[in-house]
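Biologist: I'm new to this model and would like a close look at its enclosed empty space. Could you take me through it?

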Amino acid sequence: MGHRPRTALWTTAGAVTLGFLVALEFAARHYGLPGPLTNQVREVVYAPKSGGLLYAAMALMTVVLTWRERFVAVGTAIGVDVAFLVVRWAVDAETTGGHPFGNGALWVILGSAVVAVTRRTGRERVLLLKGVGLALLLVAGRKTGDTWLLITSKTRLTVLDQYVATADHALGDPSWLVGRIVTATGPIGFNFLDFVYGNLAVAAVVAALYQLRHVAVERRFPRHHLVRTFLVIGLVGPVFYMIFPVVGPVFAYGTGAEHWSTVSLWAPDMPPSEPWAVADLWPQTLPPISTPHPMPFDGITPRNCMPSLHTAWATAIFIHSRKGPRALRFAGTFWLVATLAATLGFGYHYGADLIAGVVFTLTIEAALRSFDRGWDRSGILLVAYGTTVFTAFLLSYRFLPLAMAERPWLAGPLLVLATASVIYGYVRTTASWEPRTAPARQPEPQPEPV
């Protein structure tokens with residue numbers, strides 16, 4: 001009987017997800033652009049936007065396969081990609097900004113779904129379908145995010161950057177400081193951080209592969225793992241982009257993508273946003289302290305700052321890598337530090353976004369773990385406290401930014417202490433949830449024979 005509520009829950013979640021994707025498809029078409037479902041179907045044949053993500057998704061699916069099946073899957077994916085490459089070369093087809101590889105990985109994922117339905121039965125079918133589902137959810141999350149960012153730019157015609165920038169004075173304007181450091185490092189420093197920043201999903205898959213390494217042997221998934229947290233963050237986080245639209249300091253107080261065009265190896269093709277900026281201040285000149293106002297902005301730049309989901313995802317990777325080997329723990333720490341440096345140094349986020357992202361992740365993680373182990377008083381209090389602090393952050397940024405900027409000696413430490421209190425509460429509460437192992441009994445000394 002215990003399986004029925006969980007089955008009903010996952011069935012409901014699947015139906016809601018499908019409905020959400022269909023709604024986004026219609027919303028995107030309203031603005032004359034293809035939606036997430038169309039973009040995903042196109043990548044079966046056309047050059048994918050991110051071939052690396054498709055191969056990472058396929059790697060995630062292979063945790064349910066045997067070693068022989070994994071070799072077959074990888075070989076098939078590479079073979080299909082080679083065939084596509086030859087055909088594109090023969091007909092002189094361009095990739096139009098996409099990657100020349102990745103279709104093979106998507107074909108393997110979809111083929112595995114067909115095998116699960118036609119060749120597997122019982123628990124083996126369910127297990128393979130779960131692997132396929134995780135892979136497709138990872139890819140669909142990217143497509144959904146792109147569509148959602150489009151909707152934020154089209155529906156939120158004014159942004160609240162002046163409010164966050166004013167409140168950020170209480171934290172010492174870290175984006176301006178780190179931005180000057182990254183600018184001083186030139187193309188080497190920028191492109192190194194840009195590589196780390198752009199491959200966050202791949203890093204998450206690497207950490208998840210370690211967590212799920214026993215699935216093929218045990219024939220079941222663990223109750224809680226990184227992929228779940230990653231997907232829930234991506235599902236819930238963008239809601240706040242609509243509630244608190246912010247474009248980031250490099251756009252609101254700088255020249256936008258043009259700022260990095262001379263040093264970037266993968267400069268995004270975006271129209272100039274400087275005409276919409278307050279002034280060309282970032283990262284050399286701090287914005288003045290004055291009463292903030294909502295400001296109109298273009299209908300192209302995503303309003304994807306509050307909270308910083310790159311910080312949220314990097315924090316989730318850090319948390320889930322703590323129980324791994326030393327190399328994985330080091331990688332999790334490195335990816336978190338490098339992501340924080342990139343989000344601030346590129347001018348994509350304010351310091352206020354980052355601490356909100358940390359609190360947001362810890363609250364999501366606590367809620368998922370409480371759901372798995374069963375809700376109790378400690379779990380409810382932790383989730384409620386994290387939600388309260390996150391809400392307080394958003395309200396203070398919106399309604400108290402000038403008071404915070406005028407009293408940085410008070411507001412700054414309060415923001416840091418509030419974040420630290422959530423971290424401390426999470427660490428202490430989750431430590432009490434860990435199973436305690438009793439120390440091994442030592443044999444009593446026996447009298448030696450005479």
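Biologist: What volume does the second largest cavity have?

Modeller: The second largest cavity has about 40 Å³ (space filled by probe spheres on grid points joined across faces, edges and corners). A cavity is where a 1.4 Å probe fits on a 1 Å grid over the protein atoms alone but cannot get out, and lining residues have an atom within 4 Å of a point.

This is a predicted model, in which local features need pLDDT of at least 70, side-chain atom pairs need 80 or more, and totals for chains, interfaces and linings use all residues. Numbering starts from 1 along each chain as its sequence is written, and side-chain values use heavy atoms, without hydrogens and water.

Around the second largest cavity you will find Glu43, Lys49, Ser50, Leu53, Leu54, Val139, Arg142 and Lys143. Helices α3 (51-61) and α6 (122-155) each bring at least two lining residues (helices: DSSP runs of H or I, at least four residues, numbered from the N terminus). α6 has the largest share, with three residues. The lining of the second largest cavity holds four charged residues (Asp, Glu, Lys, Arg), three nonpolar (Ala, Val, Leu, Ile, Met, Phe, Trp, Tyr, Cys, Pro) and one polar (the others, Gly among them).

The structure has two cavities of 30 Å³ or more, and the largest encloses about 60 Å³. Its lining is made of Leu60, Leu138, Ala204, Val205, Leu226, Val227, Phe230 and Leu231. By class, that lining counts eight nonpolar residues, with no polar and no charged ones. Both α9 and α11 supply at least two residues to the largest cavity, and α11 gives the most, with four.

Now follow α11 to a neighbouring topic, its contact with α14 (heavy atoms within 4.5 Å). From α11, Leu226, Thr229, Phe230, Ile233 and Gly234 meet Leu309, Ala312, Trp313, Ala316, Ile317 and His320 of α14. The residues of this contact are eight nonpolar, three polar and no charged.

His320 also turns up in the second largest pocket: together with Gln211, Ile319, Lys323 and Arg369, His320 lies nearest the centre of that pocket, which has 35 lining residues. A pocket is an open set of points with protein on both sides within 12 Å along at least five of seven lines. The second largest pocket has a volume of about 1100 Å³. Elements giving two or more residues to this pocket include α9, α14 and α16, with α16 giving the most, seven. The pocket lining splits into 16 nonpolar, eight polar and eleven charged residues.
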